[in-house]
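Hi,

Here is the structure I said I would pass on. Have a look, and my notes follow underneath.

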Amino acid sequence: MKKFNLGLVILILLFCSANEIFAQKAKPWVAPASSNGIENPYKSDVKAAGAGQKIFNQMCYICHGLQGKGDGAGGMSLNPKPANFLSAAIKAETDGNLFWKMTEGRGPMASYKDVYSDKQRWELVNYIRKLQK
């Protein structure tokens, strides 16, 4: 009887933990207010979006899709779903917010701070802005 009760308690705790994890993933991903003031040092660099496109086509399209709509094959089973860069919500984000999110990551979105240089992440931001036009 004690084994059954202990097993039941463990099962309930696991269930509650899983619900909490899924509930957290459903919350909107909001960058800190401090990222609003981060200026894009490559905003006027006409070559930056082209360089960002190359990086996007190597790493990002698999989840975000070729046009950045969040419909890539690799993202279909992810929770939360990959961002649709053409959505009004993403368009409204500052360049600093996008840069911060790429830098920090949040499951299942990886952190790219140790993968890409600051310049490369800014180039990705510029390419996302180009996709939005």
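**Helix 2 and Arg121**

Right after helix 2 comes Gly65, with a positive phi near 80 degrees. (Helices here are DSSP runs of H or I, at least four residues, numbered from the N terminus.) Keep in mind that this is a predicted model, where local features need pLDDT of at least 70 and side-chain atom pairs count only at pLDDT 80 or more, while totals for chains, interfaces and linings use all residues. Residues are numbered from 1 along each chain as its sequence is written, and side-chain values use heavy atoms, with hydrogens and water left out.

Back to helix 2, residues 48-64: its end C-alpha atoms are only 19 Å apart, whereas a straight helix of 17 residues would span 24 Å at 1.5 Å a residue (the expected span is 1.5 Å times one less than the number of residues). There is a bend of about 55 degrees at Asn57, taken as the angle between axes fitted to the seven residues ending there and the seven starting there.

Several helix 2 residues are buried, among them Ile55, Phe56 and Cys60 (buried is under 20% relative accessible area, with a 1.4 Å probe and protein chains only). Helix 5 is part of what covers the buried ones, contact being heavy atoms within 4.5 Å.

Helix 5 (residues 118-131) is also where Arg121 sits. Arg121 counts as buried because its relative accessibility is 4%. Its side chain has a polar atom 2.5 Å from the backbone oxygen of Tyr116, and makes a polar contact with the Asp118 side chain at 2.6 Å (N or O atoms within 3.5 Å, one able to donate a hydrogen and the other to accept it; residues adjacent in sequence count only if both atoms are side-chain atoms).

Cheers

Conventions
Buried means under 20% relative accessible area, exposed over 50%, partly exposed in between (1.4 Å probe, protein chains only).
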